[in-house]
Amino acid sequence: MGGNGKRDRSLAWWGIVLASLAGMAWNSAARAEVSLADGFTIGGRLKQGVAVAYDKKVTGGGVEIGQAAYLLELTSAWRPVNDVTVTADFWLRGDLYQDVGGDLTAHGIQDYSSPAFRDQFRYHLNRRGAGTPGGPLANPASDPYGSDDEQNVFLSDFNDEMIRELAVKVTDPQNRYALKIGKFVRAWGQSDGIRLLDVLHAQDYRQKFIFGDSDEMRIPSWMAAVDLDLGRLGFGDLLSAVGITQPKLELIYMPEYHHSRFVINNPPPGDSTSGGLYGLPYPLLVDKTSGRGVPFFGANLSDREPDQFRPGEPTLGSRLKFEVAGGEATLNALYGYQDMPVVKMTGAHAVIGNALHDGSNAIAVIPLDAATTEAVVQGLYVPALRAGASAEQIQTGVLGCPYPGGSFCSVNVQFDLDYRYRRKLIGASYTRDMVEWPLGPKEVSPVLRAEFSYEFDKPFNCAIATTMFGNQEEGAAALIVDPSRGVTERDQLSFMIGADYFLWLPFWTEQDTSIFTSVQFFTIITPNGEDLLFQAPYASYGAKLHPVQNYGTLLASHNFDDGKLAAELLAVYDLQNNGFAIRQRLDFNYFGDHWRPRIEITHFEANPEQGVLGIAQQADNVEFSLTMQF
């Protein structure tokens, strides 16, 4: 009852806050954009969505409310003089799923009572489980896990979550240069969806995973950007001699570091986290050699990242943009930090007296260093598992349990999510309107786009690693080794070719506007990458990196009913892993300039943990949202 009271109070409080903000927004909306003084304007939006999850994460199937993401955005701009602009953008956002959501569950640690330990315990994503730990191994608690999702109700860190932009831009009166200082975002690259050159900023995957809008997914940073018009600065004649015109150089200095934001749905009671509907799955723990699950083992994850502000070791970027051969090209370079981690085993905690990893209900919690953890796992546990040991035999023969009273043991392996590797990348892009190729009944020319990147010394976890005993292990067992034998580096080459085309259908006689279409094909090559993991800690069978990885994307959008009904389809296909995902949107523009209802369907078809789509394959949902712009 206490938990329900807390939920009711929280819901009531948020109702008051959102109602007040809606009232403020309505008053502003009636006036459209507000001008408080000469050169000073303010605007924004208020958005509330409700996503209905279906199938894979819903208890017993069916549908449940799986997300209730909200956003209040306030933007302003001020031009005190012609050559100075001050911009600001503040967000209040979060997810009310903890208060209004249904009962979503996710897969957790291996169920030690299931055949070959292949099944996983399920656990709740917005409440604690009703079952209690303990009891004989033959009758484990049927509902032992649950994680509160309160960390996502209100994303309250002022610097990291609320300030989206706060910057000053100074422009030379002759437009030779511009300097922008503050917190803001710069976008690079020509590709949509899959990033090759758009790597200045880390990504926020918490609310939409890869299907978020790019301007909402990029994580802004405190930085300085200098834009130089090389032609106006006197270098135009020199570059035109080699066919380059309109040259512009962008220089980036970024002392603030961010890595990509995501939450792994991690069930062990001692270190539980919940990311809700778009929380990344707890890894499947399976021994590849025997095919058996890995019982009594959980994971505690800790971020290891550079200091957030590193003025002496910043991210540096440069982009030369110019026109050549009838199109627009860029040359890019970045020296920054990785925004996704490698996983490093640092030791373990032996939980004595509890088979469900709960140190708060244990007789003792004993820390083990990395070498001892590797020796126990590789020298005792793995051989016993492959010899067909039962749950009781693993407890008594490997873990040294049971203790009196029917209490048993479990192990929480400690892993660092290490982001401290540098990112060294060069690349190029090219876009050209192919006026020589008029196509279709309206003779519309396609726009061709190409993008290339080369990354040096990209870190990976090994899918096959050598243990301290000289054995080679693959899959989950390969993560339980000293990091010096479990992490390696490879160069990686990526390129994309795409085309945008405004399509007119010859058989659609009443078509009044074109259908915008965009097709892209990506190839990512990692030489000698066959024994690497795509992304640790996902190390189950099939989760290895493909040395040559291909993706295809399709974007199509069209406005119906004189522009009042906007439809958009985005599809992504993972060729090597046979994964497929779509996002479909319908925007209803029937309610004036300020109100924007939307229906959005997101669906994934992929094997668990295989590739980027397999990581999100349980996040299927239909979202209904209402945005009020002012």
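## Strands and their pairing

Two strands count as paired if DSSP finds at least two bridges between them. With that in hand, we can walk through this predicted model, starting with a sheet. β15 and β16 run antiparallel and are joined by six bridges, and within that pairing V351 has V365 of β16 as its bridge partner.

β15, which spans residues 342–352, also pairs with β17, again in the antiparallel sense, and here over ten bridges. V351 turns up once more, since its bridge partner in β17 is S410. V351 is thus a handy residue to display, with a partner in β16 and another in β17.

## The four-stranded sheet

Put together, these strands belong to an open sheet of four, in the order β12-β17-β15-β16, and the pairing is mixed. The edges are taken by β12 and β16 (364–369), each with a single partner strand, so one side of each has no neighbour in the sheet. From one strand to the next, the twist averages 30°.

The parallel part of the mix comes from β12 (residues 297–304), which pairs with β17 over eight bridges. To find this pairing on screen, look for D303, which stands opposite L417 of β17. As general background, strands of a sheet pair through backbone hydrogen bonds, either parallel or antiparallel.

## A covered strand: β17

β17 (residues 409–418) deserves a visit of its own, as ten of its ten residues are buried. Which residues point which way from β17? C409, V411, V413, F415 and L417 point to one side, while S410, N412, Q414, D416 and D418 point to the other, and all are buried.

At one end of this strand sits C409, which forms a disulfide with C401, the two sulfur atoms lying 1.5 Å apart. A search of the whole structure finds one disulfide. The link between C401 and C409 is left-handed, with -60° about the S-S bond, and both cysteines are buried. Another cysteine, C462, is buried as well, with a relative accessible area of 10%.

## Salt bridges between strands

Side chains of opposite charge can pair when their charged atoms come close. The count for this model comes to 38 salt bridges. One of them returns us to β17: the side chains of D418 and K344 meet with 3.0 Å from N to O. D418 lies in β17 and K344 in β15, so this pair ties together parts that are 74 residues apart in sequence. Are these two side chains buried or exposed? D418 has 3% relative accessibility and counts as buried, and K344, at 18% relative accessibility, counts as buried too, because the cut-off is under 20%.

A further salt bridge joins R449 and D500, whose closest N and O atoms are 3.0 Å apart. R449 lies in β19 (residues 447–461) and D500 in β22 (residues 487–503), so the pair connects parts that are 51 residues apart in sequence. Both R449 and D500 are buried.

## A network of charges

Next comes the pair D587 and R598, a salt bridge with its closest N and O atoms 2.7 Å apart. Since D587 lies in β26 (residues 579–588) and R598 in β27 (residues 595–605), the pair ties together parts that are eleven residues apart in sequence. D587 is buried, with a relative accessible area of 15%, and R598 is buried at 18%.

What else do D587 and R598 link up with in a network of salt bridges? The network also takes in K208, D213, E568, R583, R585, E600 and E623.

## A loop residue: Q535

Our last stop is outside the strands. Q535 has its place in the loop between β23 (515–525) and β24 (548–560). At 16% relative accessibility, Q535 counts as buried.

Leaving aside residues up to four places away in sequence, Q535 touches M340 and P341. With P341 there is a polar detail to look for: a polar atom of the Q535 side chain lies 2.9 Å from the backbone oxygen of P341.

Definitions and conventions: Residues are numbered from 1 along each chain as its sequence is written. This is a predicted model: local features need pLDDT of at least 70, side-chain atom pairs count only at pLDDT 80 or more; totals for chains, interfaces and linings use all residues. Side-chain values use heavy atoms; hydrogens and water are left out. Buried means under 20% relative accessible area, exposed over 50%, partly exposed in between (1.4 Å probe, protein chains only). Helices (H or I, at least four residues) and strands (E, at least two) are DSSP runs, numbered from the N terminus. A salt bridge is a side-chain nitrogen of Lys or Arg within 4 Å of a carboxyl oxygen of Asp or Glu. A polar contact is a pair of N or O atoms within 3.5 Å; within protein, one must be able to donate a hydrogen and the other to accept it, and residues adjacent in sequence count only if both atoms are side-chain atoms. Contact means heavy atoms within 4.5 Å. A disulfide is a pair of cysteine sulfur atoms within 2.5 Å. Axes are lines fitted to C-alpha atoms, for helices over the stretch in contact, and angles run from 0 to 180 degrees between N-to-C directions.
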